[in-house]
Amino acid sequence: MKAQKAFFTNAALHQGDGRRRLAVTLGDPASIGPEVVLKALSDPEVSQNCDITVIGSRALLQKIYSDLRRKEKQELLADPAGLSILEVNLPREIEDRIISGIGNAASGAASFAYMETAIARTLAGEFDAIVTGPIAKSAWKAAGYDYPGQTELLAEKAGVERFGMLFVARSPHTGWTLRSLLATTHIPLCQVADTLTPPLIKRKLDLLVECLQQDFRIERPRIACAGLNPHSGEQGQLGREEKDWLIPFLEQERYSRPEIILEGPIPPDTMWVKPGQAWFGTGVEGEKHHYQNPADGYLALYHDQGLIPVKLMAFDRAVNTTIGLPFVRTSPDHGTAFDIAGKGIADATSMKAALGLAAELVTQRLAP
């Protein structure tokens with residue numbers, strides 16, 4: 001396995017004399033989003049070589065800051081008075097209905113407005129990347145915004161049809177980097193088989209190859225593609241998708257893409273063994289990071305197939321990044337956690353990782 005650049009350090013955040021400009025949305029203001037933002041920004045290393053602007057409400061952040069400061073044994077928090085905040089003005093009737101721990105139409109309207117502002121300002125050239133706090137899709141819908149998630153809104157506003165959800169995490173045990181791309185995202189499970197087609201998989205494979213080569217500088221990446229059915233269909237006995245089109249498609253891609261190493265379809269229940277060994281440092285003895293030769297990128301065919309293993313290994317440090325956009329977008333890989341909002345116990349590790357990865361990817365894209 002080839003050497004890779006770490007993306008959770010600040011060593012590569014500074015390119016020339018420019019500082020990376022990151023916009024950070026609060027996410028749903030009734031969620032743990034504001035808390036993890038305040039905790040992450042209290043670490044001086046996070047913003048050492050980048051300029052961070054919070055997109056949201058200073059008054060709301062100040063209230064949450066004051067409430068959290070009263071909690072016993074509270075972790076360090078960034079004082080909103082010292083933060084750069086781009087104020088998103090909302091009608092008073094919306095602001096008055098935002099209650100910590102309760103996702104509703106008001107909190108949905110607020111989080112949507114934060115996102116729209118961040119996207120517009122980034123497309124206008126004011127920011128290099130957007131780091132998004134968690135939102136509740138149900139709150140967006142209650143507010144009248146019917147999107148499957150933030151990813152789809154970002155793609156629509158950016159005017160792109162070719163995009164993907166890539167989940168990235170660096171192991172604290174071995175330093176190995178896990179990258180998992182979802183072929184399908186927020187659709188019901190019963191629609192997955194009909195949605196998967198050779199053109200769709202080709203688009204996702206194109207995106208993954210481009211990302212690994214351009215953003216992570218892996219010239220000849222090894223990519224593993226999962227099967228859809230148990231045992232990858234077992235020659236059509238447990239489902240015919242692999243035999244009818246996925247296996248022939250991958251064979252053709254291997255022939256036409258000599259610049260990559262393409263494996264699969266790998267049975268879904270065994271595809272994650274090598275990543276697990278590489279993550280935890282178990283398996284074959286030998287040189288560091290050479291645990292069963294894990295892939296540089298994994299292509300999962302549906303949401304839970306890709307995210308269950310990611311969250312088992314890296315729940316507190318995985319980062320969701322949208323590839324295919326004209327700008328960098330990252331997000332912590334956790335939800336709104338309304339049940340613990342305002343209690344001061346939310347973990348900001350994933351938000352810190354999202355900020356670090358955003359700065360690293362901007363640096364990679366701007367490098368000559």
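Start by selecting Cys211 in this predicted model. Is Cys211 buried or exposed? Its relative accessible area is 5%, so Cys211 counts as buried. Now look around the whole structure for disulfides: a search finds zero. Cys211 is in none, and the nearest cysteine sulfur, that of Cys225, is 16 Å away. Add Cys50 to your selection. Cys50 is also without a disulfide, and here the nearest cysteine sulfur belongs to Cys211, 20 Å away. Why can you call Cys50 buried? Because its relative accessible area is 2%, and buried means under 20%.

**Next stop: Gly297 and strand β9**

Select Gly297, which you will find in strand β9. With a relative accessibility of 0%, Gly297 counts as buried. Which residues does Gly297 touch, leaving out those up to four places away in sequence? Show Arg179, Leu208, Leu212, Arg222, Ile223 and Ala224, and you have them. Then try a distance from Gly297 to Leu181, C-alpha to C-alpha: the two are 116 residues apart along the chain, yet the atoms are separated by 7.4 Å.

**On to helix α11**

Now select residues 303-314, which form helix α11. This helix has twelve residues. From its first C-alpha to its last, α11 reaches 16 Å, close to the 16 Å expected at 1.5 Å a residue. Color the buried residues of α11: Gln305, Gly306, Leu307, Pro309, Val310, Met313 and Ala314. What covers these buried residues? The cover includes the strands β5 (164-170), β6 (177-182), β7 (222-226) and β9 (297-300), along with helix α10 (273-280). You have already visited β9, the strand that holds Gly297.

**A charged residue inside: Glu253**

Move to helix α9, residues 241-256, and pick out Glu253. Glu253 counts as buried, at 5% relative accessibility. Show Lys202, Leu205 and Leu262 as well: Glu253 touches these three, not counting residues up to four places away in sequence.

**Three backbone spots to zoom in on**

Here is a little background for this part of the tour. Most residues other than glycine have a negative phi, and most peptide bonds are trans. With that in mind, go to Gly264 and Pro265. What kind of peptide bond joins Gly264 and Pro265? It is a cis bond, with omega at about 0 degrees. Pro265 lies in strand β8, residues 261-266.

Next, select Gln235 in the loop between β7 and α9. The phi of Gln235 is near 60 degrees, a positive value in a residue other than glycine. Turn on the surface and check this residue: at 61% relative accessibility, Gln235 counts as exposed.

Then jump to Ala337, in the loop between β11 (328-332) and α12. Ala337 has a positive phi too, near 50 degrees. Its relative accessibility is 25%, so Ala337 counts as partly exposed.

**Helix α12 and its neighbors**

Select residues 349-366 to bring up helix α12. How many residues does α12 have, and how far does it reach? It has 18 residues and spans 26 Å from first C-alpha to last, close to the 26 Å expected at 1.5 Å a residue. Of those 18 residues, 14 are buried, so α12 is largely enclosed by the rest of the structure.

Now add helix α1, residues 33-41. The axes of α1 and α12 come within 8 Å and cross at roughly 65 degrees. The crossing is right-handed. Show side chains where the two helices meet: Val36, Val37, Lys39, Ala40 and Leu41 come from α1, while Met351, Lys352 and Leu355 come from α12. The residues of this contact divide into six nonpolar, no polar and two charged.

**Last stop: Arg217**

Finish at Arg217, in the loop between α8 (198-214) and β7. Arg217 is partly exposed, with a relative accessible area of 38%. Try one more distance, from Arg217 to Arg365: they are 148 residues apart in sequence and 10.0 Å apart in space, C-alpha to C-alpha. Which residues does Arg217 touch, not counting those up to four places away in sequence? Show Leu212, Gln364, Ala367 and Pro368 to see them. You have met Leu212 before, since it is also one of the residues that Gly297 touches.

Conventions. Residues numbered from 1 in each chain as written. Predicted model: local features only at pLDDT ≥ 70, side-chain atom pairs only at ≥ 80, totals over all residues. Heavy atoms only, no water. Axes fitted to C-alpha atoms, helices over the stretch in contact; angles between N-to-C directions. Helix = DSSP H or I, 4+ residues; strand = E, 2+ residues; numbered from the N terminus. Left-handed = near helix turned anticlockwise from the far one by under 90°. Contact = heavy atoms within 4.5 Å. Nonpolar A, V, L, I, M, F, W, Y, C, P; charged D, E, K, R; others polar. Disulfide = S-S within 2.5 Å. Buried < 20%, exposed > 50% of the residue type's maximum accessible area, 1.4 Å probe, protein only. Expected span 1.5 Å × (residues − 1).
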